[in-house]
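Please read the following walk through a protein chain with the sequence and coordinates open beside it. The account goes from the overall fold to single residues.

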Amino acid sequence: FKYIEGKLLFDSQPRGGCKKPSPECKTINVTEFLRDVSLAAQKSGIEISGFGLHSCSDREGKNTDLNTSLKVIRINNWKYASPLSKILIKKIRQWNLLDKIYINIAEIPGHCLL
């Protein structure tokens with residue numbers, strides 16, 4: 001997902017960026033954004049199996065470069081895809097985010113083929 005009317009990107013530093021939506025923000029903290037989406041989804045009954053950075057070429061999970069890694073929220077069941085999408089869109093607008101977020105459905109093998 002990408003909100004093309006958003007103004008803010010994720011900060012390039014792991015601890016950088018705003019940790020909550022604010023008009024004073026210049027960049028957004030990726031972890032806090034994903035945590036916010038995850039908590040909202042869980043409150044709605046969606047089972048989130050994880051969130052964070054993912055790189056299709058990094059099978060060992062060692063790539064922590066915020067500029068090249070995908071920002072992912074992971075679910076284990078297709079039934080959560082649509083309701084999670086709605087929450088994600090709402091949160092992207094709330095945070096004024098202009099960056100990409102991916103939903104990873106764990107039961108799909110070869111999920112890097114986008």
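The paragraphs below take up the fold, the core, the aromatic rings, some helix residues, a loop residue and the disulfide.

The model is predicted, and local features are reported only where pLDDT is at least 70. The chain contains two helices and five strands. Read along the sequence, these elements come in the pattern β-β-α-β-β-α-β. Of the 114 residues in the chain, 37% are buried. The accessible surface comes to about 7200 Å², and carbon and sulfur atoms account for 52% of that area. As for contacts with a separation of 6 or more, 63% of them are between residues 24 or more positions apart.

Next comes the interior. The largest nonpolar core has 24 residues. Phe33, Ile46, Ile73, Ile75, Leu84 and Ile101 are the residues with the most contacts inside this core. Three elements give two or more residues to the core: helix 1 (30-43), strand 4 (70-75) and helix 2 (81-95).

Phe33 also takes part in the aromatic contacts. How many aromatic pairs does a search of the whole structure find? The search finds two. In one of them, Phe33 and Trp95 meet edge-to-face, with 5.5 Å centre to centre and 85° between the planes. Phe33 belongs to helix 1 and Trp95 to helix 2, so this pair ties together parts that are 62 residues apart in sequence. Are the two residues of the pair buried or exposed? Phe33 has a relative accessibility of 0% and therefore counts as buried. Trp95, at 3% relative accessibility, counts as buried as well. Through ring pairs, Phe10, Phe33 and Trp95 are linked into a cluster.

Phe33 leads on to a charged-type side chain in the other helix. The residue is Lys91, found in helix 2. Lys91 is buried, with a relative accessible area of 11%. Leaving aside its neighbours within four places in sequence, Lys91 is in contact with Phe33, Asp36, Val37 and Ala40. A polar contact of 3.1 Å joins the side chain of Lys91 to that of Gln94.

Two residues of helix 1 can be taken together. Ala41 is found in this helix, and so is Ser38. Ala41 is buried, its relative accessible area being 0%. Which residues does Ala41 contact, apart from its neighbours within four places in sequence? They are Ile46, Ile48, Leu84 and Ile87. Ile46 and Leu84 are among the core residues named above for having the most contacts. The C-alpha atoms of Ala41 and Ile87 are separated by 6.7 Å, while the two residues are 46 residues apart along the chain. Ser38 counts as buried at 3% relative accessibility. With neighbours within four places in sequence set aside, Ser38 is in contact with Ile48 and Phe51. Ile48 thus appears in the contacts of Ala41 and in those of Ser38.

The backbone offers one local feature to check. Most residues other than glycine have a negative phi. Asn96, although not a glycine, has a positive phi of about 60°. Where does Asn96 sit? Its place is in the loop between helix 2 and strand 5 (102-105). Asn96 is partly exposed, with a relative accessible area of 28%.

The last item is the covalent link between cysteines. The structure holds one disulfide, which joins Cys18 to Cys25 with an S to S distance of 2.2 Å. What is the hand of this disulfide? The torsion about the S-S bond of Cys18 and Cys25 is about -125°, so the disulfide is left-handed. The two cysteines fall into separate accessibility classes, with the cut-off for buried set at under 20% relative accessible area. Cys18 has a relative accessible area of 21% and is partly exposed, whereas Cys25, with 9%, is buried.

Terms used:
Residues numbered from 1 in each chain as written. Predicted model: local features only at pLDDT ≥ 70, side-chain atom pairs only at ≥ 80, totals over all residues. Heavy atoms only, no water. Core = buried A, V, L, I, M, F, W, Y, C linked by side-chain atoms within 4.5 Å. Buried < 20%, exposed > 50% of the residue type's maximum accessible area, 1.4 Å probe, protein only. Helix = DSSP H or I, 4+ residues; strand = E, 2+ residues; numbered from the N terminus. Phe/Tyr/Trp six-rings, centres within 6.5 Å; stacked < 30°, edge-to-face > 60°. Polar contact = N/O pair within 3.5 Å; in protein donor to acceptor, adjacent residues only side chain to side chain. Contact = heavy atoms within 4.5 Å. Areas by Shrake-Rupley, 256 points an atom, 1.4 Å probe, with all protein chains shown as cover. Disulfide = S-S within 2.5 Å.
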